[in-house]
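The following exercises practise the reading of a protein model, from its strands and sheets to its interior spaces. Please attempt each task before turning to its solution.

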Amino acid sequence: MYAIYVRHLALPGSGKLSLFTMADVLTYVLPLMLFALLPYRAVAQTYSHVTLGSSLTAMGNNSFWASPSGEFAFGFQQFRTGAFLLAIWFNKIPEKTVVWSANGNYIVQRGSRIELTTDGQFVLNDPEGKQIWSADFAGEVSYAAMLDTGNFVLTSRDSIYLWESFDHPTDTILPTQMLNIGSQIVARFSEKSYSNGRFLLKLQADGDLILYTTAFPTDSVNFNYWSTGTVGSGFQLFFDQSGYINLIARNGSKLYVLSTNTASTKDFYQRAILEYDGVFRHYVYPKSADSSRGKWPMAWYPLSLIPANICMSITARTGSGACGFNSYCELGDDQRPNCKCPPGYSFLDPNNTMSGCKQNFVTQSCEKASQEKDQFYLEEMINTDWPLSDYQYFQPVTEDWCSEACLGDCFCAVAIFRNGNCWKKKIPLSNGRIDPSVGGKALIKTRI
């Protein structure tokens, strides 16, 4: 049992007890050995086998394989008419919250099928028989199982995991799950779209755990907006059974605590997710009214979040920032970013406020800029800025001078005035934010 646990949890070091001091043994190794005896990721736990030749067809929301307790399910979840996601979700709560998906970038239609073939392949095909996704592994599969940890596994005759969803996370990690060196999770595009979005969390080869914006629509990293600063020492991000999320070193010591826990995994469902807004949040959900005790809502409740203020965390030379181009980010009372459009602008996609904004007016003609000057005015916004979008800078000047300079310039979409300094900004505006720490004011040009 211990050898299997070491394989799956990748216990720091070579696994030889002689590498640890007695203090290490008592502090790190012994608790892990005791944890290995618990019925979580050990292959000895009881579950119903999914036998070779079994399949599920996307027909509704009742096509799934449940874990023994029924707390998790693997199967097809319909999230809009005729559109299905092959996923794992919390099965005993009304929200049926998804924690893993196979085909977020390639949604399938009714009639698609996931099959554990008689020769041990695990394949998702669309209604025409075209392969959409398959599990990649080496070895001979004997059966599959949905475990009570939320991990779906393909298992050999010798009860070795040949493939497991925990090794291929999408945007979420669960208790007993970890991210090893080189692993990453990618935020989805929006609340209602499961395709890859604009943010990712990666444990780099150098040991640093970093939140990045991506060069969307690719998954290439763009801008580092948060990190643990653990270059040369980070080894695993571990969401332990007690509900703590720690970055640990090779010797098992804790390097960085991402989230502490005030709710037990016995009484609360838990998950940590990099959400579509770029924030990594640790959530809990009472398993029953008794677990809630009137102190917790019967809903997902955030225990922690990283970074604390996403609006002020991203100032990238490329990309749009925390929100879309030509918009600005404002942190709400619930600590969630709200993306908004400045006066004279509206959302490109009203159903996705992170899509960015467009001008609602005919822009100023460069051939007749001076003549059209009287057809425009500047709307004032306090404590607002779009850093790095400027193309001209002047100081010391007055606010009136700054305003006139922008009104007479066809390229100027916004002027920022702060303490005698004037910046002219051009379209598209990026890294927009409104916050008391910004100071000064933005002067937004719009047509009368």
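The exercises below concern this structure, which is a predicted model.

**Exercise 1. The nonpolar cores**

Task: Determine how many residues the largest nonpolar core has and which strand gives the largest share of them.

Solution:
- Step 1. The largest nonpolar core has 36 residues.
- Step 2. Those with the most contacts inside this core are Phe74, Phe76, Ile114, Phe122, Trp133, Phe152 and Leu154.
- Step 3. The largest share of the core, 4 residues, is supplied by strand β5, which spans residues 83-90.
- Step 4. A second core, separate from the one just described, has 30 residues. Among them are Ala187, Leu203, Leu237 and Ala322.

**Exercise 2. Strand β23 and its partners**

Task: State whether the residues of strand β23 are buried or exposed, and identify the strands with which β23 pairs.

Solution:
- Step 1. Strand β23 covers residues 268-274, and 7 of its 7 residues are buried.
- Step 2. Both faces of the strand are covered. Phe268, Gln270, Ala272 and Leu274 lie on one side, with Tyr269, Arg271 and Ile273 on the other.
- Step 3. Ala272 may serve as a worked case. This residue belongs to strand β23. Its relative accessible area is 0%, and the cut-off for a buried residue is under 20%, so Ala272 counts as buried.
- Step 4. Ala272 and Ser259 are 13 residues apart along the chain, and their C-alpha atoms are separated by 9.4 Å.
- Step 5. One partner of β23 is strand β14 (residues 172-173), joined in the antiparallel sense over 2 bridges. Here Thr172 stands opposite Ile273.
- Step 6. Another partner is strand β24 (residues 280-286), with antiparallel pairing over 7 bridges. Tyr269 has Tyr285 as its bridge partner in β24.
- Step 7. β23 and β24 form a hairpin with 5 residues between them. In its turn, Gly278 has a positive phi of about 90°.

**Exercise 3. A second hairpin**

Task: Describe the pairing of strands β12 and β13, and name the residue with a positive phi in their hairpin.

Solution:
- Step 1. Strand β12 (residues 152-156) pairs with strand β13 (residues 161-164) in the antiparallel sense over 3 bridges.
- Step 2. In this pairing, Val153 of the hairpin has Glu164 in β13 as its bridge partner.
- Step 3. The hairpin has 4 residues between its strands, and Ser159 takes a positive phi near 65°.

**Exercise 4. Two open sheets**

Task: For each of two open sheets of 4 strands, give the strand order and the edge strands.

Solution:
- Step 1. One open sheet has the order β16-β17-β18-β19, with antiparallel pairing.
- Step 2. Its edges are β16 (184-190) and β19 (221-227). Each has a single partner strand, so one side of each is left without a neighbour in the sheet.
- Step 3. The twist in this sheet averages 35° from one strand to the next.
- Step 4. Strand β18 (residues 209-214) is joined to β19 by 5 bridges in the antiparallel sense. Thr214 stands opposite Val221 in β19.
- Step 5. The other open sheet runs β2-β8-β9-β10, again with antiparallel pairing.
- Step 6. β2 (55-57) and β10 (131-134) are its edge strands, each pairing on one side only. The twist here averages 15° from one strand to the next.
- Step 7. β2 and strand β8 (residues 113-116) are antiparallel and share 3 bridges. Thr57 has Arg113 in β8 as its bridge partner.

**Exercise 5. Cavities and the largest pocket**

Task: Find the volumes of the largest cavity and the largest pocket, and classify the residues that line each of them.

Solution:
- Step 1. A search of the whole structure finds 2 cavities of 30 Å³ or more. The largest cavity has a volume of about 50 Å³.
- Step 2. Residues lining the largest cavity include Ile88, Trp100, Phe166 and Thr172. By class, its lining has 6 nonpolar, 4 polar and no charged residues.
- Step 3. The largest pocket has a volume of about 830 Å³.
- Step 4. This pocket is lined by 29 residues, of which Arg188, Ser190, Glu191, Lys192 and Tyr276 lie nearest its centre.
- Step 5. The elements giving two or more residues to this lining are β4 (72-80), β16, β23 and β27 (337-340).
- Step 6. By class, the pocket lining has 11 nonpolar, 7 polar and 11 charged residues.

Methods. Residues are numbered from 1 along each chain as its sequence is written. This is a predicted model: local features need pLDDT of at least 70, side-chain atom pairs count only at pLDDT 80 or more; totals for chains, interfaces and linings use all residues. Side-chain values use heavy atoms; hydrogens and water are left out. A nonpolar core is a set of buried Ala, Val, Leu, Ile, Met, Phe, Trp, Tyr and Cys residues joined through side-chain atoms within 4.5 Å. Buried means under 20% relative accessible area, exposed over 50%, partly exposed in between (1.4 Å probe, protein chains only). On a 1 Å grid over the protein atoms alone, a cavity is a set of points where a 1.4 Å probe fits but cannot get out, and a pocket is an open set with protein on both sides within 12 Å along at least five of seven lines; lining residues have an atom within 4 Å of a point. Grid points are joined across faces, edges and corners, and a volume is the space filled by probe spheres set on the points. Ala, Val, Leu, Ile, Met, Phe, Trp, Tyr, Cys and Pro count as nonpolar, Asp, Glu, Lys and Arg as charged, and the others, Gly among them, as polar. Two strands pair if DSSP finds at least two bridges between them. Axes are lines fitted to C-alpha atoms, for helices over the stretch in contact, and angles run from 0 to 180 degrees between N-to-C directions.
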